[in-house]
Every structure is written in structure tokens, then in C-alpha cells.
Amino acid sequence: MLNLLTESTESTGSGMLVLVIYIVVIGVAMYFFAVRPQRKEQKRMQALINSVEVGDTVVTTSGFYGVVIDLTEEDCIVEFGSNKNCRIPMKKSAIAEVEKAGEA
């Protein structure tokens, strides 16, 4: 009878160890499949936003094309279309793509 209790306790201990290892493996997998790519994308977008200069052509997150005519710390003024009076201030975070002025 004492032998049965000892075996039951050992199997419970090894079952807990397997459960802990399983949870750690799931956590590591989530880091590599979710958190890490998201951080890389955030760094790429921040570098893109920091590289914006006056005269660059940008595409906004809503799909509008325009030319940057003025920059501040967090905002920029973008001129849309061929009408020179259509100038709209917007957040830099609303920029999705940048084409440098010299590349066009």
C-alpha cells in the first residue's frame, strides 16, 4: 500500500514538470511568432517616419498621395493633388509609405 502512494506522488510530480515545460514552450513560441515580428515592424515604421523630409512624396494610411511641405516634431503639412491650396496638417504616424524626392 505504501508503494502505491509513492508511485502516485512521483507520477504527479512528473506530470507537473511536463505541464511547466509545456507552458514555457508555448510562451517562447508566442514570443517568436507574435511579439518579435511586431517589434520589428514598429522599429521599421519609426525609422520610416524619422526619414521623412520636406519634398518627399508620401502615402497616408487612408490611401492619399501627397507631398510634404513642412515638418514639426509630431506633425507634418502635406499638399494633396495638383491644387496648391489643398494643404492638410496631419500626424506623422498617419504616413504609410515614403518615396524620397530624388528617387522620382
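Two residues are taken to be in contact when heavy atoms of theirs lie within 4.5 Å. On this basis, in the predicted model examined here, residues 24 or more positions apart account for 35% of the contacts in the protein chain that have a separation of 6 or more. The protein chain comprises 1 helix and 5 strands, arranged along the sequence in the pattern α-β-β-β-β-β. Of its 104 residues, 15% are buried, and the chain exposes about 8,100 Å², of which 62% is supplied by carbon and sulfur atoms.

The 5 strands form an open sheet with the order β4-β3-β2-β1-β5 and antiparallel pairing. Its edges are occupied by β4 (87–91) and β5 (95–99), each of which pairs on one side only, and the twist from one strand to the next averages 40°. Within this sheet, strand β2 (residues 65–71) and strand β3 (residues 75–80) run antiparallel and are joined by 5 bridges; Val 67 has Glu 79 in β3 as its bridge partner.

Val 67 is also among the residues touched by Asp 56, which is found in the loop between α1 (2–50) and β1 (57–60). With a relative accessible area of 2%, Asp 56 falls under the 20% limit and is therefore classed as buried. When residues up to four places away in sequence are not counted, Asp 56 touches Ser 51, Gly 66, Val 67, Val 68, Val 98, Glu 99, Lys 100 and Ala 101. With Lys 100, the side chain of Asp 56 additionally makes a side-chain polar contact of 3.1 Å.

Note on methods. Residues numbered from 1 in each chain as written. Predicted model: local features only at pLDDT ≥ 70, side-chain atom pairs only at ≥ 80, totals over all residues. Heavy atoms only, no water. Helix = DSSP H or I, 4+ residues; strand = E, 2+ residues; numbered from the N terminus. Buried < 20%, exposed > 50% of the residue type's maximum accessible area, 1.4 Å probe, protein only. Areas by Shrake-Rupley, 256 points an atom, 1.4 Å probe, with all protein chains shown as cover. Polar contact = N/O pair within 3.5 Å; in protein donor to acceptor, adjacent residues only side chain to side chain. Pairing = 2+ DSSP bridges. Axes fitted to C-alpha atoms, helices over the stretch in contact; angles between N-to-C directions.
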